[in-house]
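Let's take a walk through this protein model together. Have the chain open beside you as you read.

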Amino acid sequence: MYLPWLIVLLFVSAAADVNDLQLLEQFRIAVPNKTVLAGWSGRDGACRFPGAGCRDGRLMSISFSGVNLHVNFSAVASTLLQLSTVEEVTIRGTNIAGVLSATKGITCGLKLHLLDLSGNGWLTGSVADVDALASVCSGLRVLNLSAASIGVVKVDGQEGMYMGFARLEVLDLSDNKITGEGDLKWMIHAGAGGVQQLNLARNLISGEVPAFINCSGLEYLDLSGNAMSGTVAAGVLSGCSKLRTLNLSSNNLEGLFPPDVAYLLSLTALNLSTNNFSGEIPSDVLAKLAKLRMVTLSFNYFNSTIPDALTALPELEVLDLSSNMLSGTIPTALCSLDASSKLLRVLYLQNNFLTGSIPEAISSCTRLVSLDLSLNYINGQIPSSLDKMTGLRDFVLWQNMLTGEIPASLAGIRSLENLIVDYNALTGSIPPGLVNCTELKTLSLASNRLSGPIPVWLGQLDKLEIMRLGNNSFSGLIPAELGDCKSLLWLDLNSNKLSGPIPPELAKRSKMVTATMFIWTQARNFWYLRNNAMRISQCHGTGSLIYLTGIRSDDLNRMPSKKSCNFDLKYIRSMDFSAAKISMVFLDLSFNQLDSMIPKEFGNMYYLMIMNLGHNQLYGMIPDELGDARKLMVLDLSHNKLEGPIPSSFSTLSLSEINLSNNKLNGSIPNNGGLATFPQSQYENNSDLCGFPLPPCELNPVVSHDAVAHQSKNKGKVVAIVVGPVTGAWLVLFVLVISLCRICRRKKYKIHDAKGDLQQENVFSVLNFDGGNAYEQIIEATENFSEKYCIGAGGHGSVYVAKLSNGKNFAVKKINATENGRLINEQMFYREIEATMQIRHRNIVKVFGYCCTARDKFIVYEYMKGGNLLTALNSYRNASELDWKRRLCIAQDVAHALSYLHHDCSDPIVHRDVTTKNILLDLEFRACLSDFGIAKILDADESGHTRLAGTKGYLAPELAYTTKVTEKCDVYSFGVVVLELLMGSHPGDFVSSISCPSNKSTSMKDLLDTRLPPPEGEVASEIFGLITVAIQCLHPNPSIRPTIPSAIHFFSKFARAVDLDYLHADIMEFCLL
């Protein structure tokens, strides 16, 4: 009797299999990237479909991760989601685009319980669309839509609720674009509180934490990284009795400790970090939460003592109370025999106001892996029983008041990786047993009272990357064995009593250090504390490396050395290595008693960025081989006994700082390269050294009658022609931000002060002729600025081409001296000098000098033979030469120039007039930004307000109602320039239409310059990405516009997508504002 039913079931099953094969075939056809699914057809069966997972011959799952499908979501919804036997569909990071509402009207396969669409940034929709998706896929239990664009479509308050959320167990909407407070409240009323795991981290949700209703089943709630504010009111979470993980970190929440936490008895992880909570940490509340394993309250303003209740938590593994205002002592019961906190693995108490000593009982925390007590007022000695913590990796105690010796018992912790105890009052020597700590990566003992010789055995620590022993009383020789350290990248021995020769063996490991090691160093959150006051007696060394994990950078002002010295905090940026093996990057041996020649082998340290050998007794000539250290940015050889000339090889270095003062150097400062751009103070007190910026070599430093007569002849005339640095193709090893880069440094003067400074300059030589001669040559070469040499004119000046005696052409911008605009033009002249004289970037037009006389004011620029971009685009012939690849390169050039101005200068510079007319091209179509006459340097102590200036059609819209200038003004102008570059003419009305979106679609093909053939393949992909970036730059709200670096990052990331039909895709679908 069961046979007919069996036949029916087999028939239905066979029909389902046929239908599934048809769906897979439809999906294969819909995918534009034919290579992804190449080689499969329906005849092969479902189990051979790429990404298929089968069990007992039945299709159970489909998985694509990181594959460039470039398919619209509607194709996924109409095929893969309807497969009858599939339980899991994972399409993660596959460049799926389209709208989530495409699921309306479909019926998902009844067995589908997991859908992962994460990492598809072009997938858009509202939270109501998510609810609808969960409704049509009735069997769905896990839905992951993280890193998409959910929320760009706002939910309608009157929109119907499908109650699909109530069926889900896991809902991940992290890293989306959910904004405001309405969407979250809508979700809660639609049943999201009934989800077991709800992740809404890193959106833009604002307002107070809403009351979660019907949340009795909620176990995991993550609202971190949003913009929520206000207090956490009583009752909003009281019904979520099963909550095990609560993460409210990185918001703007304030007030007292959230009261509802007391009712969350199942809580195992609590994270309230990076908010503005204050008051006491309630001991009575914590005492109830016996299941807590992780407590993270860092970066708040709690101002109580550390509650004893924390030591009684039986399962506590992580306790992070860093960067609060806690006082009192470390609880003595922590990990004691009668306490329950012996599972503790991480203890972070740094950056508080703790006093007293480190309790001996802490040694009973035998499972501790990371201990950080830095930036407190802890005194006494380091406990000698720490060797009981045999798994300890991080021992961080810098900036306290610790005394006594470094315990020899530390040698028993063979797992130790980071020993950081700088800025204390420790005495004695380095314990010899540390030679057994073979995992050591950081040995940072600087600024203590340690003495004795530097141990030879340090060279045996193969994994040691950072060795900081500066500002102690170490004596004797620098061990040559330090050159055996296979991983050493940072060596700081400054301000000791070291003597004898500098061992050339320090360069022994050049090009042998593994590059990935310093990536680890960066990940450990080290920051560079740059010393700008080495002339102050107690402020020695180039700078310090600070372990800043868990510490507010502003709180570094609590450091005594930070108060007495002029330190700047700089982040160590990401590395860009050109080789798998590198060399040491930082070497500071200054303020010792070293007496030898400089080893020529240091020239082999190709990746060395900072070398400070100043304030020693070094003698002999500076090795010419040092010029081979091509990455060198900071070089200090001052206060020694060095002789001979400055090596000509230094002209090839891209130095941002140099100090050769107080030696016995002679000869002429090389006038090519960038050496002539540094202040006179960096070369002073070398009796036989001459050439700019010192007096010319042909003149006696003592002012003679002839010199007086020469000055008298040029009275009232100021000429300052400066040769810029030679720019080469060098990869950045790593960049110590901003203040390391003197490239953008400038004097803090007002316009009238600058004018006075300029008029006090003396005549100096350049390109083997002095400034006065250069002035005369420019007047002669332009026939006193005849119109026939004029290559451009504007409202404030004209540009002339001048061919000087060395055969080179220069562009000379002469400032107009109109009767009623003279003052404004002069201000623009000095502003342009201030903004450009010390800028060095391959995509910013090079300034060679300026002239200021009673009759003339002009600036001498690099001559760009290709003219400006506007002219090139307006010329049919030139526009044809500007093919798509060249236009992409031009856009990148301008972006890199703006990124440099905004983020790599000591004070950010806003150009304020980024237009195609102010972008110059050379014959290879390299683009350079020019015309800084209205540029604004954003001082930290200035408001940024200024008068309206710029070019109509490129001005940011906010300048219509505010006078405050920010970098986002340039970002807007950049967006206009990019569209003009790709469209061939000013985008005009299209820019206006962006802020007033309509239902009308806009394809890329409709926008592109028709004088060129349509782009194809990868070029089309890159142009599509560039247009989407440009449209984001044109957002009417400046706070939503990307920064230039983030725009570059987005473009470079998007450019890897190559197989969508970019020419006909609707751009605005990807650029919802």
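Below are notes on confidence, one helix, one sheet and one annotated residue.

This is a predicted model, in which local features need pLDDT of at least 70, side-chain atom pairs count only at pLDDT 80 or more, and totals for chains, interfaces and linings use all residues. Residues are numbered from 1 along each chain as its sequence is written, and side-chain values use heavy atoms, leaving out hydrogens and water.

The mean pLDDT (the predictor's confidence in each residue, from 0 to 100) is 80, and 79% of the residues reach 70 or more. Two stretches deserve some care; a contact here means heavy atoms within 4.5 Å.

| Stretch | pLDDT | Contacts in the model |
|---|---|---|
| residues 1-15 | below 50 | one, beyond near neighbours in sequence |
| residues 819-824 | under 50 | five, beyond four places in sequence |

Now to helix α18, residues 1017-1033. Helices (H or I, at least four residues) and strands (E, at least two) are DSSP runs, numbered from the N terminus. The end C-alpha atoms of α18 are 25 Å apart, which agrees with the 24 Å expected for 17 residues at 1.5 Å a residue; the expected span is 1.5 Å times one less than the number of residues. Of those 17 residues, 14 are buried (under 20% relative accessible area, 1.4 Å probe, protein chains only), so α18 is largely enclosed by the rest of the structure.

Five strands form an open parallel sheet in the order β30-β32-β34-β36-β43. Each edge strand, β30 (427-428) and β43 (593-594), has a single partner, so one side of each lacks a neighbour in the sheet. Strands pair if DSSP finds at least two bridges between them; β34 (residues 473-476) and β36 (residues 497-500) have two. G476 has L498 in β36 as its bridge partner.

Finally, UniProt (unreviewed entry) places a "binding site" at K814, and such annotations may be inferred rather than shown by experiment. K814 lies in strand β56, residues 809-815.

Terms used
Buried < 20%, exposed > 50% of the residue type's maximum accessible area, 1.4 Å probe, protein only.
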